[in-house]
Amino acid sequence: MVETVSIDILSLLLVLSVAWVFGALAERLGYPTMMGELFAGIAFGPALLGLLHPSELLSVLSELGVFLLMVYVGMEVDLRELFGLGPQSLLIAFGAFVIPFGLGYAAGVWLGISVGAALFLGLAMAATSLATKSRILADLELLDTRIANVLLGGALASDVGVLIAYAGVDSYVTAGGLDPNEIGVILLQAFGFFAVTLLIGYRFLPIAWRYIERQRERYGFVDRTTAFTFALLVSLLFAQLATLADLHMIIGGFMAGMFLRQSDVEPALYEHMHTVMYDLAMGLFAPVFFVTVGFQITFDVFFDSFAVLAVLVAIAFLGKIIGSWLFSLPTSLTSREGLVVGFGMNGRGTVEIIIAQVAYEAGVIDAELFSILVFIAVFTTALVPVTVTWGVRLLESADELVYVDSALATED
């Protein structure tokens, strides 16, 4: 027993160590931390050196990593901003979802995989990553430009849309076929989940927070740690509701995160919750998740299925750009701005990897397709800084890089 615990602790120590080193190296090179963590899992895992291996402890921590990561992603989504988005962002988000999803599903049909696998493939192609884009735009000092506003708004709407679509696809796959009665029951469960979480989030959560704050003011025993514990309990409740509705717990975590942000809790308490959630997710559990994802990647696809890999990479890369650019044409953006927004929307990052992992663990896709999807996520995300930088230079040369302040001044 003691020997098993010792091995588990050593395994966790090594996983976190390589995640920290390679994550920091990736950041130094201007890429998201998760890319370094994935590379560490591939390099030190079974695929290459074989120094690290999966274990039950790492599996549990990995599941917690996915869950807390989605709670944090939800806390980054402002529902007021989402409902207040202009038609430009919503239209581009729609195009960036529909075109890649359709192409991904068609590619799945072409490959001859099951309908469920083809739907997951379409979802993975349609995924984007708000967190990845925020970091890259900040690094390039573009946050005060019009393309950044449209891009972040589109990514926000796209993140929410992909996860809602994921709930529908998950329901279909759970039904296991086209049985109308069974699909109807599962969809009813999904709608029931969203209805209950909306009721809790909008009605009961604000009341609960006001009660907690009154107890804090009256007796002083409710501190920031207690508030975080309550937030974690709410997140676990939403995750349990999701599983009862035959949905994955990540949907519950995401919904909980959104409503925690909307609860009008005291700013100091919310800031503490947000910080601790970020530290737990990004500093401990998410690195374990991304390293262990690297354990499952196989390089056989580069030799056995290189043609399939090349086709899917091309579909993923071009689908996002074409979808975003095409649906930007009716807006006030120039054609070049629409192209650069498409470059930015191309980074899939965390969301695609989570979707691929869930589908793989459920047995919907095989190891080969899983490895391809993870490679696509890494490849498209790695290209975002390069392509967006090139696109910004193109806009500057054409005098089409519009800053928000100057845009407002022009409108006035």
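The protein averages a pLDDT of 80, and 86% of its residues score at least 70. The structure is a predicted model, and the confidence score varies along the chain. Helix H14, residues 306–328, has the highest confidence, with a mean of 90, whereas helix H18, residues 404–411, has the lowest, with a mean of 46. Across residues 406–412 the pLDDT falls below 50, and this stretch makes 1 contact in the model beyond near neighbours in sequence. Where pLDDT is low, the predicted coordinates should not be read in detail.

The overall architecture may be described next. The protein contains 18 helices and 0 strands. Among its 412 residues, 52% count as buried. Of the contacts with a separation of 6 or more, 79% are between residues 24 or more positions apart.

Helix H15 offers a starting point for a closer reading. This helix spans residues 335–345 and is mostly covered, with 8 of its 11 residues buried. The buried residues of H15 are Glu337, Gly338, Val340, Val341, Gly342, Phe343, Gly344 and Met345. Glu337 has a relative accessible area of 0% and is therefore counted as buried.

Which residue meets the side chain of Glu337 in a salt bridge? The partner is Arg146, with a distance of 2.7 Å from N to O. Arg146 belongs to helix H8, residues 146–175, and Glu337 to helix H15, so the pair ties together parts that are 191 residues apart in sequence. A search of the whole structure finds 1 salt bridge. Side chains of opposite charge can pair when their charged atoms come close. The two partners can also be compared by accessibility: Arg146 is partly exposed at 22% relative accessibility, while Glu337 is buried at 0%.

Helix H8 also holds Tyr166. With a relative accessible area of 1%, Tyr166 is buried. Setting aside residues up to four places away in sequence, Tyr166 touches Phe120, Leu123, His248, Ile250, Ile251 and Val358. One of these contacts is with His248, which lies 82 residues from Tyr166 along the chain, and the C-alpha atoms of the two are 9.3 Å apart.

His248 and Val358, both touched by Tyr166, also appear in the lining of the largest cavity. The count comes to 1 cavity of 30 Å³ or more, and the largest cavity has a volume of about 50 Å³. Its lining consists of Ser62, Glu63, Val66, His248, Phe289, Ile354, Gln357, Val358 and Glu361. Helix H3 (56–75) and helix H16 (349–361) are the elements that give two or more residues to this lining. Which helix supplies the largest share of the lining? That helix is H16, with 4 residues. By class, the lining comprises 4 nonpolar, 3 polar and 2 charged residues.

Leu309 leads to another part of the chain, in helix H14, the helix with the highest mean confidence. Is Leu309 buried or exposed? Leu309 is buried, since its relative accessible area is 3%. Outside the residues up to four places away in sequence, Leu309 touches Phe302, Ile372 and Phe375. The C-alpha atoms of Leu309 and Leu369 are separated by 8.7 Å, although the two residues are 60 positions apart along the chain.

Two further residues complete the tour, beginning with Val21. Val21 lies in helix H1, residues 2–28, and is partly exposed at 46% relative accessibility. Between Val21 and Ala40 there are 8.7 Å from C-alpha to C-alpha, with a sequence separation of 19 residues.

Val402 is placed in the loop between helix H17 (367–397) and H18. At 21% relative accessibility, Val402 is counted as partly exposed, because buried requires a value under 20%. The C-alpha atoms of Val402 and Ala148 are 9.9 Å apart, with their positions 254 residues apart along the chain. Helix H18, which follows this loop, is the element of lowest mean confidence.

Note on methods: Residues numbered from 1 in each chain as written. Heavy atoms only, no water. Buried < 20%, exposed > 50% of the residue type's maximum accessible area, 1.4 Å probe, protein only. Salt bridge = Lys/Arg side-chain N within 4 Å of Asp/Glu carboxyl O. Contact = heavy atoms within 4.5 Å. pLDDT = per-residue confidence, 0-100. 1 Å grid on protein atoms, 1.4 Å probe; cavity = no way out; pocket = protein on both sides within 12 Å on 5 of 7 lines; lining within 4 Å. Points joined across faces, edges and corners; volume = space filled by probe spheres on them. Nonpolar A, V, L, I, M, F, W, Y, C, P; charged D, E, K, R; others polar.
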